[in-house]
Amino acid sequence: MKMKAILVAAAVGLGAAPLLSHADAQTTKSEASQYVSDSAITAKVKSALLAEKGLKSTDISVETQNGVVQLSGFVVSSAQIDQAVDVAKHVKGVKDVKNDLRLKSATE
């Protein structure tokens, strides 16, 4: 009887193995899809910032994780900070914007 229980447990375990590998594949596929989506959002935000008049977007770094855009770098005025955040918020796919922009000092 114990042998039968062991064989059943082994069969169940082996039968679940393809399901586990399928779940892992789904997770990996989902992560890859999110990475591509985040990369596309980053590109759209950078493009939108570049198109803005009066904003030196080459001094602004853009990173995206799970749809949340992080802006960092240095700009010359608080108005430019507000402008950059506003531009990023209006890009399709952006869930939120984390603002790490700083004002340039006179020596930077």
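These legends go with a set of close-up views of a predicted model.

**View 1. The whole chain has 2 helices and 3 strands.** Follow the protein along its sequence and the elements come up in the pattern α-β-β-α-β. The protein has 108 residues, and 23% of them count as buried. About 7600 Å² of the protein is exposed, with carbon and sulfur atoms supplying 60% of that area. Look at contacts between residues at least 6 apart in sequence, and 62% of them turn out to join residues at least 24 apart.

**View 2. Here the 3 strands line up as an open sheet.** The order across the sheet is β1-β2-β3, and the pairing is mixed. At the edges sit β1 (60-65) and β3 (96-103), each of which pairs on one side only. Ignoring direction, neighbouring strands of this sheet are turned by 10° against each other on average.

**View 3. This one zooms in on β1 and β2, an antiparallel pair.** Strand β2 covers residues 68-75, and its pairing with β1 runs over 6 bridges. To get your bearings, find Q65, which stands opposite V68 in β2.

**View 4. Helix α2 lies across the strands.** The helix takes in residues 78-89, and the strands it lies across are β1, β2 and β3. Relative to β3, α2 runs at about 160°.

**View 5. D59 and K104 meet through their side chains in a salt bridge.** From N to O the gap is 2.9 Å. D59 belongs to the loop between α1 (2-51) and β1, while K104 belongs to the segment after β3, so this pair ties together parts that are 45 residues apart in sequence. K104 is partly exposed, with a relative accessible area of 28%. D59 is partly exposed too, and its relative accessible area is 25%. As a reminder of the chemistry, side chains of opposite charge can pair when their charged atoms come close.

**View 6. Back at D59, the view now takes in its salt bridge with K56.** The closest N and O atoms of D59 and K56 are 3.8 Å apart, which falls inside the 4 Å cut-off for a salt bridge. A search of the whole structure finds 2 salt bridges. Through shared partners, salt bridges join K56, D59 and K104 into one network.

Definitions and conventions: Residues are numbered from 1 along each chain as its sequence is written. This is a predicted model: local features need pLDDT of at least 70, side-chain atom pairs count only at pLDDT 80 or more; totals for chains, interfaces and linings use all residues. Side-chain values use heavy atoms; hydrogens and water are left out. Two strands pair if DSSP finds at least two bridges between them. Helices (H or I, at least four residues) and strands (E, at least two) are DSSP runs, numbered from the N terminus. Axes are lines fitted to C-alpha atoms, for helices over the stretch in contact, and angles run from 0 to 180 degrees between N-to-C directions. Contact means heavy atoms within 4.5 Å. Buried means under 20% relative accessible area, exposed over 50%, partly exposed in between (1.4 Å probe, protein chains only). Accessible areas come from the Shrake-Rupley method with a 1.4 Å probe; for residues, only the protein chains shown count as cover.
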